[in-house]
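User: Please take a close look at a single part of this protein and describe how its residues are placed, how far they are covered, and what they touch.

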Amino acid sequence: MLPVTPGGEDFHFYPKNKPDIQATMVGLGTGLTPGLHHPNMTFNLSSLKNGVAVLAASMIKLSEQIKTKYQKMDDSKKG
């Protein structure tokens, strides 16, 4: 099995240079050919629906965590 590397993806370097920034990359399995950033690159457009679903679920979870955090802060101020 080959190791996973960031390749030439710029977003990989943001958290390395600014540790307070959180970043991730999600591989969607889009059937990408002949390769990422190739001028003739094509992929299965319907797989983008999966990416939208993953990002939407992530944002919902994050917003719930933030809401809970601020509710706890408010509760601690009250009592």
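Analyst: Helices and strands are taken here as DSSP runs, of at least four residues for a helix and at least two for a strand, numbered from the N terminus. The model is a predicted one. On that basis, the protein chain has 2 helices and 0 strands. The part examined here is the loop between α1 and α2, where Thr30 lies. Ser47 is placed in the loop between α1 and α2 as well, and so is Phe43, with α1 spanning 13-17 and α2 spanning 48-78.

Thr30 serves as a starting point. Its relative accessible area is 16%, and because buried means under 20%, Thr30 counts as buried. Leaving aside neighbours within four places in sequence, Thr30 is in contact with Phe43, Asn44 and Ser47.

Of these partners, Ser47 is buried, at 6% relative accessibility. When residues up to four places away in sequence are not counted, Ser47 touches Leu28 and Thr30. For the protein chain as a whole, buried residues make up 6% of the 79 residues.

Phe43, another contact of Thr30, is partly exposed, with a relative accessible area of 32%. Phe43 also belongs to a nonpolar patch on the surface, formed together with Leu32, Leu36, Met41, Leu45 and Leu48. The accessible area of this patch is about 520 Å². The protein chain exposes about 7300 Å², and carbon and sulfur atoms supply 61% of that area.

In summary, Thr30 contacts both Ser47 and Phe43; Ser47 is buried, whereas Phe43 is partly exposed and contributes to the nonpolar surface patch.

Definitions and conventions: Residues numbered from 1 in each chain as written. Predicted model: local features only at pLDDT ≥ 70, side-chain atom pairs only at ≥ 80, totals over all residues. Heavy atoms only, no water. Patch = residues over 30% accessible without salt bridge, like charges linked within 9 Å, V, L, I, M, F, W, Y side chains within 5 Å. Areas by Shrake-Rupley, 256 points an atom, 1.4 Å probe, with all protein chains shown as cover. Salt bridge = Lys/Arg side-chain N within 4 Å of Asp/Glu carboxyl O. Buried < 20%, exposed > 50% of the residue type's maximum accessible area, 1.4 Å probe, protein only. Contact = heavy atoms within 4.5 Å.
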